[in-house]
Amino acid sequence: MAGDSIAVVDLDRCSPDRCNYECANYCPPNRTGKECIQTRGEIYDEDEPFEGGPDQVQISEEICLGETCGICVEKCPFDAIEIINLPEELDESPTHRYGENAFSLYGLPIPESGKVTGLLGPNGIGKSTAVKILAGEITPNLGRHGDEPSWEEVIDQFRGTELQNYLEGVRDGDIDVARKPQYVDQIPESFDGNTRQLLEATDERDALDELVERLSLRPVMEQSIENLSGGELQRVALAATLARDADFYFLDEITPYLDIGQRVTAARLIHELAEEEDRAMLVVEHDLAILDLVADSLHVAYGEPSAYGVVTSPKSVKNGINEYLRGYLDAENMRIRPEAIEFEAHAPRPSTESETLVEYPAMTKSYGEGEFALEVDAGEINRNEVLGIVGPNGIGKSTFAKLLTGELEPDGTDGEADLDVQSEAGDFDLDLDIAYKPQYVEADQPIRVDAFLSSITEDFGSSYWNTEIAQPLQLERIMEQNLTELSGGERQRVAIAATLSKDADLYLLDEPSAHLDVEQRVLATRAVRRYAENHEATVMVIDHDIYTIDLLADRLMVFDGEPAHHGHATDPKEMRAGMNEFLANLDVTFRRDENLGRPRINKPGSQKDKQQKRDGEYYYTQ
């Protein structure tokens, strides 16, 4: 194989007990007597450790003819093989490779004291591998196997670069690392106690009181970790990480389950700690508005997920995000996506003129004396529209969703309406069939994805279903995995597919953007939007990601009030009016990037921020 190509065998998909080794039997070099594709048992001695099983295959990259052949890729019945041509500009050896026919990482982000460094790229592109190297958890092998380099050889590879001094500190054990995990909902599985106990155990900077106050954690300090909501767990995890006395902080996705106000607060807190205490921060984030706000510089990661990843040299945050969205990296002269992600054509849109699907009455719901109470104004939901729902956490958005589905019953209603509910969840509904994706996606069934989805719809596997749902949500490569084996982002995409696969009058999606990368969010919003248009379906989306709402919603329903105490839901409004009301409540203004039209948060107190507030235009001006 040419030096600019790699072969990747997905050991989770390679199933020798279910095939006839078509890859080896049809391989042209194999048919001429060369040993290009062999089983791992043939290559390695019994006592020699190796990845995978003895009956799984391994491909010799020296013998393989490369992507111009590709016969093994076509013949493998389980799509377990990829032959990939690397970019011509990539003439360096990998920073790290996990083994023969395994994932390769090229380049590393550069931590910088007193700065927040952003890392932007799709899931499965090597961001976690990069952090493990920077944390000293793995020694980069420079792509060598069996003759792995010493730390001295690694330092020589980076000599003269900005990474040399940092990696010398890693080698010498002088770098203390604090890490915030990506999936905060797994914290209760590893910690048994309350919030105060967790935070006091990590407070090494005597900063606990300030962090608790800034992140509004005082009301949950005595609560058990297992009883916290996703947003509360996210803020506790962030406080526990920032309370550590470390040289390098790695923050993996700071926004899932946080509302826009909490996201802005977290971004400001991170930036202040980096700047005032001269700490190095590395933030991986898919909410581009928040990444734009928090980072001082940006590395873009690109490549082929699960095959190889490349980390670019640092860029300015604005240019890095814009290049990523355009799909073309200027300095690298590299196209990383066939088409740009555009925003100008999507929002704000005029209200959809269509007939009413349902009118719902004014209603109230209280959880008891002294507990949270919600008041909902009367309103209507139109046919063939996507209705966005926005508001702070703890303000009643999910309560409203459960009232619609019948999982909860209102305490009272005002006005005449057909409230004879026909839902799976309970006795209350608006005489609608509702398909509901909850905020927290659980996957506790030991069942394969394809079996699960085929149990929901008879259309599973049809050309229509594949085109409308499976392909946009990138489900093909996970169909044979069990639900319990999926990552958070994979579970999210399966849950969205399951919801859209149902025959319903109203599709209700609660925070569908959580744990999805930028491309996945765009593809998911397009899938939802296309489904609504092609099927004249009505969709309600609860989400905190402004990009998702910007790309998706026709109208907006705004919730305000005092979180955890009382909430108020207004009737649905035209997009601009709704966003102005929502952002005014948060005292946050957005503008559009002059090049791509993407949403950008104005710095508080800036001239732009002050002018938009004076004009009452919190939602986008050029």
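# Close-up views of a three-domain model

**Figure 1. R491 is buried, with a relative accessible area of 18%.** Buried means a relative accessible area under 20%, exposed means over 50%, and partly exposed lies in between (1.4 Å probe, protein chains only). The model is a predicted one, in which local features need pLDDT of at least 70 and side-chain atom pairs count only at pLDDT 80 or more, whereas totals for chains, interfaces and linings use all residues. Residues are numbered from 1 along each chain as its sequence is written, and side-chain values use heavy atoms, with hydrogens and water left out. The side chain of R491 meets that of D185 in a salt bridge, at 3.8 Å from N to O. This pair links distant parts of the chain, 306 residues apart: R491 belongs to helix α18 (residues 488–500), and D185 to the loop between β8 (177–180) and α8 (187–190). Helices (H or I, at least four residues) and strands (E, at least two) are DSSP runs, numbered from the N terminus. D185 is partly exposed, with a relative accessible area of 30%.

**Figure 2. E272 and R214 form a salt bridge.** A salt bridge is a side-chain nitrogen of Lys or Arg within 4 Å of a carboxyl oxygen of Asp or Glu. In this pair the closest N and O atoms are 3.1 Å apart. Helix α12 (residues 260–277) holds E272 and helix α10 (residues 208–214) holds R214, so the salt bridge ties together parts that are 58 residues apart in sequence. E272 is partly exposed, at 28% relative accessible area, and R214 is partly exposed too, at 27%.

**Figure 3. R592 and D550 form a salt bridge.** Their closest N and O atoms are 3.7 Å apart. The pair ties together parts 42 residues apart in sequence, because R592 lies in strand β27 (residues 590–592) and D550 in helix α20 (residues 546–552). R592 is buried, with a relative accessible area of 5%, and D550 counts as buried at 1% relative accessibility.

**Figure 4. R205, D245, E277 and R279 are linked in a network of salt bridges.** A search of the whole structure finds 41 salt bridges.

**Figure 5. Domain 1 meets domain 2.** The protein is divided into domain 1 (5–85), domain 2 (105–176 + 246–335) and domain 3 (356–410 + 430–586), with bounds that come from an automatic or database domain assignment. The C-alpha centres of domain 1 and domain 2 lie 33 Å apart. In contact here are 4 residues of domain 1 and 4 residues of domain 2; contact means heavy atoms within 4.5 Å. The two domains bury about 330 Å² between them, 65% of it on carbon and sulfur atoms. Buried area is the accessible area (1.4 Å probe) that two parts lose on being put together, summed over both. Of the area that domain 1 buries against domain 2, I6, E82 and I84 supply 76%, more than any other three residues. The rule finds 0 salt bridges across this interface. On the side of domain 1 that touches domain 2, β1 (5–9) and β4 (81–85) each supply at least two residues. By class, this side of domain 1 has 3 nonpolar, no polar and 1 charged residues. Ala, Val, Leu, Ile, Met, Phe, Trp, Tyr, Cys and Pro count as nonpolar, Asp, Glu, Lys and Arg as charged, and the others, Gly among them, as polar.

**Figure 6. Helix α5 (residues 127–134) is mostly covered.** Of its 8 residues, 6 are buried: K127, T129, A130, V131, I133 and L134. G136 follows α5 and has a positive phi, near 80 degrees.

**Figure 7. The buried residues of helix α7 pack against α5, α6 (151–157) and β9 (248–252).** In α7 (residues 163–171) the buried residues are L163, Q164, Y166, L167, G169 and V170. Just after α7, G173 takes a positive phi of about 75 degrees.

**Figure 8. P149 lies in the loop between α5 and α6.** P149 counts as buried at 9% relative accessibility. Leaving aside its neighbours within four places in sequence, P149 is in contact with P140, N141, L142, R144 and V154. From P149 to H535 the separation is 386 residues in sequence and 58 Å in space, C-alpha to C-alpha.
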